[in-house]
Structures are given as C-alpha cells and as structure tokens.
Amino acid sequence: MLLMALVWMLLVHPSQANDSGRLLLNMTIASNQRSAEVTVPDGYSRVMMMRLDPGRGWRHVMTRNVRPGKSVISLPRSPLNTQWRAVGIFQTKPTQRKFPAAFYRGKKTFDGIIAPSRVQLNQLTSAATDSKSIEANAVSTPVEADIWKIDGNTVYFFNQLRGLQVMDLSKPTDPRLLASMRIPAVGEDLYLLPTNGSARDLLLLTRRDSALGAPATRVRIVRFEEGKLSTLHEVDVPGYASDSRMVGNQLILATTTWDYPTAQGAYTYRSRTVLSQWTIPNGSAPQAGPVFELSGSNPIIAAGADWLAASVTPDRQWNRSDVTVFSLGASGLTRLNAQPIQAAGSIRDSFKMQWKNDVLTTISERIDQVSTWRPVTVLENFRVWSADAITPQVITDPLLSSLELAAGESLFATRFAGDKAYIVTFLRTDPLWVVDLRDASNPVVAGHIEVPGWSTYLEPIGDLLFSVGWESNTVAASLFDVSDPATPTLLRRINLGESGSYSEAAWDEKALKLIPEEGLAMIPVSYWDQTTGSMKSQVQLLDVDVPNKELRLRGVIPHQFDARRSTVIEQAVVSISRRELVTADISDRDQPAILAEVALAWPVDMIIDGGNHLLHIENGSWRSHGGPTIRITPAHDVEAVLAEYTLGEGVVRSAELRDGKLYVLRDSGGMYGWYSRPFYLNGSEASQKIYLDVYDATSLPNLTLLGSSTVDVEAGYRLTSTGLLWPRAHRPCVLLVRNFMHWFYPQPILVLSGARFSTASSGSLVLDAKPIPAATGIPQVIAFDVSNPTAIAVSPPVNLGTKGTSLTEVARAGDGLIVAGSSDDGQYWFRGVSPRSGMLRSMHVIQVEDSGSPVARPAIDLPGDLFAVTELDRNGFLAWTRNWSGSTANTLEVLASDGYDAFAIASLPSTNIGATTASRSSLFVTQESELKRYELQSSGRLEARETVGVSSYIQSLHVRNDVLIAASWNAVSAVNVGETTSTTWQFPTWSLNVDGIRVASDGDLLVPFGEYGAERLER
C-alpha cells in the first residue's frame, strides 16, 4: 500500500514541472535500498536524489548526470525504511512555441480556493494543506546560510579566521584541504549554488566597510574548479546584512541602513531595512530584482515553501515588532499586507512566525512595565490573504485572536509543528506550553509541563520533542513526549559538561546535528575542567531512541577549541571548529576513535622573512590558546604549512633570524600583565625563567635545535617589549623591569613593614597620606654569548638607574652599545604630595664588549620621553624626545649624544601632534591628519619638507629597513623613506599587530594578525 502511494506521488507529467525546470520522477527502489531505477523523460539530463529527514523534510543527498530513459543510481547506505525521491532537472528549454507568446503569460499553477462567507471570514478552516502541494514545492523550500555546506564528500567551510576553505572527506582517515581563499574577518554566511558541470559555485555574503564609512554587504560568487577557488562576480549592496534565504538560484537579502537627519538641532536616527532579490544565473553576475523597503531595523526572516515573513523593530520601539508577509513563487516575492502587522511584543527569532492557510501566527514577548520588567508571552493570529485568494471584503482589522500566557516569565524557545505551537518560558521553572492552533479565532492551551531550567531550541521528531537549553548552570538536552498534547511528558533531561558549560547550539540551532534515522544527536559543549584547570571542548554524542522514546548519554569527540558543527560523512563523524577539523569513528559511541585532525587556522603573533620561506610564530600566550609553535610556509603562500615545530614551554617574547640561525627568546609566562605582585613578597612567589634557544635554519623548512640557555629571574621582573637587542653579532641582550601595577591584583595585599597601605576590618584598603614607592626594583640588563650556540654563556644581571626607575620600552642597539629611555614615574606614582612638578626623563647607555659583563654608564638627563634613537654607533647618536610638560609647552626635541651627555639641537612645538618617529636625520610627525617630514640640517635647524600621503588617521609610526610604516587599527600605509607616495591596505579586523610588522628583503610588508593569521603585502 505504501509503495503504491509512493509511486503515485512520483508519477508526474512533464507539463506539471515547476518554473525552475524540476520534475518528480518515477522511481523504483531496490529491495536492499542500495540503488534506485529512475525513469527520465526527454529534456532532463540530471537527477537530484533526496532523502526524507523526519521533522525537517526532504534533504538533498546527491545530483547525478543521466540520459533520457531508465537510469540506475547508487544510493548511500541508509536504514531500510528510508524514503527517497528523485527530482529531474530540465536542462534545455524550447526556444520556439506553437502559439503566440501571449498565450504563455498567465498563471500555470492553481490552488483550490473556497471563498469564505462573512461568518467564516475571521475563522480558520481546520482542513490540512494538500500534501501533494507540499511535496511539489519542497524542492524550492528556502534554505539558510551557514558557516559550512556539505556536497557529498566535499566540505565547504567559510572560516571567520581564514576565509573559504574546501576539504575532501572521501577518506575520513586522510582528510585533505583542497583549496583556500584568504578573506578573514568579513563574515560566515555561505550558500551552495546549483552545480555547473564539473565546477561548483558558491555564494558568500561578506561585510565591506567603504572608504566613506558607509557599510555595505558584498555578494561574492566563487567557483571551485580543478582544485582552485576563484572569484567570478562581486556586487555590493548598501547596508549591513542581517538575514537572508536562498530559493533555488534566487537570493533574498535583508540589509539595514541608518540615516542620521538633523532637525532643529536634535540628533536622531532613522533605520531602514531593504529586502532585495537577486537571481544568480550559472556563471553570470547576480541580477537585481524588485526590492521592498521596511521601516525599522534588526530584520528577522521566517520562510516556508511558498511564503516569507520579515519582522523589524521600529525606531525607538524596542518592545515590539512589525511583520510583513510575502508569498514566495517563481517570480520572487509578492507583498501580501500593504501595512505592516504590529505584533504585541518583540519577535526574537525566526521560529516565532508562521504563515499557514492565510493566517500569520506570531509569538512575541511584551514588557508591560519597563521599571519592573514584567514580560508576557503573546500568541497572535492575523488574517493575511494569499495573493490569489478570493476575498469578499476588505479586512480593516487583521487580528483574529490573541492568547496571553506566562505573565512574569521570559520567552525562550518556540516551534510550530502541524496544528500545534510549542512554547517555552522561564522564571524559576521551565513550563513547556502546547497550544492548539486548529481554530485561528480561538487558540487554546492544550497542556503544559513544568520542569527545571529552560530550553532555547526545540526540534519536533514525530510525537517527540528534542530540546537544547540550560539547567543548573550547564547545557542540557531534553526529550519530551508530546503524543498527548494535554499531558506532555519529560522523558529525560541530560546535563552536558560541568558547571558553567556553554554550547553554540543554545543560541544557534545550526550547531545541533540531529539525525533521527540514525538515532543520533551531536552537540558541541565547552567548559572549564576543574580537574585539569583548563578549558575542555568536545562534541557530545547522544542516543535519540525514537521507537523506545529514550535519550542516552554516550561518548565525546574532543576538540582543542570550541567545536561549532558536526555531521556524518562516509560513516564517520566530521566535526569542525575555527581552528581544526576532526574525524572520528563512532562505531562504539561510548568510545569514539579519532581518525584524523587537520589544522585549519593558527595564530601568528610574529612573522619572519626567511628568503624563500616565512616563519610564523605563535607565542603561546593565553590569547593564542596553544603552546609556543613555529610554522614554516612558502614565501608567497601564507596558508601552506610545510613544517611545524613546538618551541617549549612558556611564552615567546622575541624571535630573529640572523646569519642562518633562528634565535627564540621565551619566558616562563606570567611576566606580563596586571596581576604581578612585584614588591609585596612573602617568599611564596616563584622565580621566573628566561630561555634563549638557537636553531640551525640554513635548510628551511627544516629546523634543528643547536642549544638553549635558561636564566632564573627574581620574581616580579619581566622582559621589556624590546625583546632581543644586538649590540654585537654574538652578544644578544635583554632588558628587565619590575611590574608595579600591584593594586589590580584581586586578592588582599600582604602588609609589610614600611608599606603605606593598611587593611581595614572589612578587608578594604586604606591609603595614608605618606608617599609610597610604586616600584622597588631596579631595571637590569642581561647579556648572552652565542658564539658557541651549543654552550650559550650568560652574564650576571647589571643594574640600570636606581630604585623606582622605569624603562620606557624604547631601546636601540649597535656597535657595542645599547641606548634605552627611562623615567622615574614609578617613584612618585602614588604620593600624597609630589616633591617636584615634573618627572625625571633619562637615557641609559650600556657598553657591551666581546666578553664580560655589560657596563652601564651614568644616566643622561633628557628634556622629555625618548621616542627614537638614530645614527647609533660608538661615536654617538641622535636622541629624539617628546616633552608632555604642559598644553602650551609641549615640544619635540632632537639631541646629539656622545654616549655620556646629550645636547639639545633643535625643537619643534608639538601642539596637535600625534604619532612620531625618526629615521637617520628625518623626523616624521602626524599633525592635523597629515604626515609631515622635517629634516635636520647641518646648521642645527629642523626644516619642514614635503607632506607624505598616507591614510587619514594614524595611530603609530615605525621605520623598518628604510620603509616608513603608518598604521591605524585597520589600515597600513607604507612608503620608502624620502618618498612621498605611499601604498595603503585596509583590513576588516581589529587584530592588526602594528609593532609586529616587518619588511621583507624585497620590500613587501609581513603583517601578523594574531588569530587571523598573517598577510604578505606586496609593494
């Protein structure tokens, strides 16, 4: 009987093919369900196989090229009760028709319509929608963008940290990264377009900030063919992309813009959401269709096979939403309600809107009293006729009915299923409400159940309801029996992870993978492991036993970073995070076996030019979430890792490649930051360690460790950001300072003799009026001798200055000397009465010979903060300072030093001056959005020269290898010293490490972007 019904559904005459040229085909499934015999009519050259996913409808599995007649298509292994369908794709439409063109312009699909009487006008017929109509339209059901899409054994991943990545999963034990397109930090919305021969086209929605500051959304069509990715077309749409759907080859995009008109001196704003429609022809540029403008922001789209609803938040009315309903056909969107429908409250997600049988149902949360925050959940039914409905009268009030429930409780998960609506609210317990929608004029609560916690997402599975949410400060998965709406039953709730766990599935349902036919659910979970004292990330496996109505906890697939998606490919689980792809065999669901791991992204905190190679260094700090690592790539391909090496424990502070050797400076960690207690010592603080490692780098990408040295450093000291300084080729040096930001430490301060804090009985700190020192340590310099890298020698620390001296993180080295700036700010940081109006600014010169300990000369007084040292050799140098002594007396000064004294040469008023730097005898200053150059003349005068063209806003200036680098938070400009025309690059990320920019031997810029990797900017 079932087989006869299936054959009847699939026998469709070609004249009934829809506008997309698709047709349900006659199909016979083999008894073992491993193949299907499909009858293909003339004109149809491809067949799309689809599988019924209970609760989600028909899902695309594969597309095969065929010839007219009978074709046998192999099917992937599936349960014996799996339902299949075959959809023919019409490739060659006729160019001539028998009758005049006007004959073919009318409607060609018709739904049966019963005109309602006046009594029936505000009532909803309880008749179910024609199932055949649903099946015919299922192939055009709108799909949502996601961070990844699966096509057979190929995974397309739009990775926010890198861009588009393509992976081959035909062998789960050996996954391969086939291609990548570097476009990081611009978005994650990805669609697969219909196949185009051997090529696969994809659509990416990315953020684009224009030079004028006007936001735009870029619609980018990318082709994957013969192992390569290439951009075919790009179209920029004004506004921020907020939501979208794809229907076949039609993109529906919601973007929002804000206008800021000024009226009578009042500063206000006006938001505008635009629904634009784009046809994406195979291989051609996107073609714009009609647009619809909605007044409001934060658009949310809900859609079905033949409808789409968009809600927006009206300006300055955050407590409610306006909804516009559209019919969805081959020609695109048709607006059904001329005026937006005003929901009683705010609609928070797409699961809170449904249009069915000419009725729009919304579920919103209304706040009755803002001062006391009393939320109320409101379900409303509105009459919204379809475009071809026969209506006997104009509807002046579309509201059919309203149902309020759970006053005082917040609204969370909702889901429509058939003639039911499931609603979860929460205050102290989690009521699951079942609302009967059969009579639109009178929706009623059929039943409800109260359980602890609350659900954020619901997934119907027949008479069961699967949910993800929270309970007792952990992620929770639940299974409900809703076969009797009057008495819904919680079958089981399982807490995932330890206290404080979280999961992306709790706020984005796409992170949950539920496969009912496999009886499997997969949920990413992360939490702080109290046992190991570290973050733990994993994909949790759950058995969802539908026949027996059971939910069981199984094993986990571990990840190093937060997992985001998972699925089953070739009988293996594939799970992905931004940083890695993991495959696992789950034959034993209690003990999944890891098959392979592939790195997809890695942090780059430093990047070094190695000629034909680049050396990417992950420093191992808490921001990178990994240990110190070096990865080596080709010089012009920053994503192709050739070799990877771990660099030991701690954090990498500096690395340099000199004469075929790589020098890596590490410390034991914790030597930076706000949490050091440098001078409240009670003997419990452990000393720090500094490591200098030397590698043979003459045969890159191979590295060989030659030797390493370890130095014990007194607790409270840290390395300065200057890293390794090279006064001599074989004698690298480091500078150490004391960290004095002690008052940020989140524990009671140990009171010692002489301290100026006392502890009140309440535990708060009391400061007396006497001056206190902010630092008691003296800066130090340590010199290494690497003439024999297998036995590195270390000199004892040498003091610089006196107690309270603080180095300014500006230092240069060369010709046997180190020059470092300092101040005594720390000595007077927290005084009741300052003994002088200004703070001392000094410069230290350290002499380093071929052997022995460094020799620190007496400090040299300066008129301001040292910001640059140029022309350095044993005979002297130029010192460039900036004086911040007052708003009218701020000056830039250049001084000549013989290494023992400094002599003022010239000064420049520094009013309205921003970033500064110097190179040789040139001074570069940013002044009133311009970069100006001054040249020190032999007469001792600073002479103004040309203005250098760079980006309008500059945060910092550096000179590297005679290249002037001007940088802001998202842009870099570079120009050779002495030239005036620069090249500027703009980036979408805030992770630009300005201090880490280096210049390659050919003049290219090497820019580390932290977790977003690195760029080689060609000049």
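In this predicted model, Arg 245 forms a salt bridge with Asp 243, and their closest N and O atoms are 2.9 Å apart. Arg 245 counts as buried, at 4% relative accessibility. Asp 243 counts as buried too, at 17% relative accessibility, because the cut-off for buried is under 20%. Side chains of opposite charge can pair when their charged atoms come close.

This pair does not stand alone. Asp 243 and Arg 245 belong to a network of salt bridges. Its acidic members are Glu 144, Asp 146, Glu 188, Asp 243, Glu 504 and Asp 508. Its basic members are Arg 245, Lys 510, Arg 564, Arg 565 and Arg 578. The structure as a whole holds 57 salt bridges.

Now turn to Glu 644. Glu 644 forms a salt bridge with Arg 631, with 3.3 Å between the closest N and O atoms. Glu 644 lies in strand 50 (residues 643-646) and Arg 631 in strand 49 (residues 629-634), so the pair ties together parts that are 13 residues apart in sequence. Burial differs across this bridge: Arg 631 is buried, with a relative accessible area of 9%, whereas Glu 644 counts as partly exposed at 48%.

Another bridge joins Asp 543 and Arg 552, where the closest N and O atoms are 3.6 Å apart. Asp 543 counts as buried at 5% relative accessibility. Arg 552 is partly exposed, with a relative accessible area of 30%.

Arg 552 is also in contact with Leu 542. That leucine leads into the largest nonpolar core, which has 24 residues. Leu 542 is among those with the most contacts inside this core, along with Phe 466, Leu 496, Ile 523 and Val 544. Six strands give two or more residues each to the core: strand 35 (454-461), strand 36 (464-471), strand 37 (474-481), strand 38 (489-496), strand 40 (520-529) and strand 41 (534-545). Leaving aside neighbours within four places in sequence, the contacts of Leu 542 include Phe 466, Ala 477, Ile 494, Leu 496, Leu 520 and Ile 523. Leu 551, Leu 553 and Arg 554 are also among them.

A second, separate core has 19 residues. Ala 967, Val 972, Leu 992 and Phe 1009 are included in it.

Last, the surface. Tyr 240, Trp 258 and Tyr 269 make a nonpolar patch of about 260 Å². Tyr 269 is found in the loop between strand 19 (266-267) and strand 20 (270-279). Tyr 269 is partly exposed, with a relative accessible area of 30%.

Technical notes
Residues are numbered from 1 along each chain as its sequence is written. This is a predicted model: local features need pLDDT of at least 70, side-chain atom pairs count only at pLDDT 80 or more; totals for chains, interfaces and linings use all residues. Side-chain values use heavy atoms; hydrogens and water are left out. A nonpolar core is a set of buried Ala, Val, Leu, Ile, Met, Phe, Trp, Tyr and Cys residues joined through side-chain atoms within 4.5 Å. Buried means under 20% relative accessible area, exposed over 50%, partly exposed in between (1.4 Å probe, protein chains only). Helices (H or I, at least four residues) and strands (E, at least two) are DSSP runs, numbered from the N terminus. Contact means heavy atoms within 4.5 Å. Patches are made of residues with over 30% relative accessible area and no salt bridge: like charges are joined within 9 Å, nonpolar side chains (Val, Leu, Ile, Met, Phe, Trp, Tyr) within 5 Å. Accessible areas come from the Shrake-Rupley method with a 1.4 Å probe; for residues, only the protein chains shown count as cover. A salt bridge is a side-chain nitrogen of Lys or Arg within 4 Å of a carboxyl oxygen of Asp or Glu.
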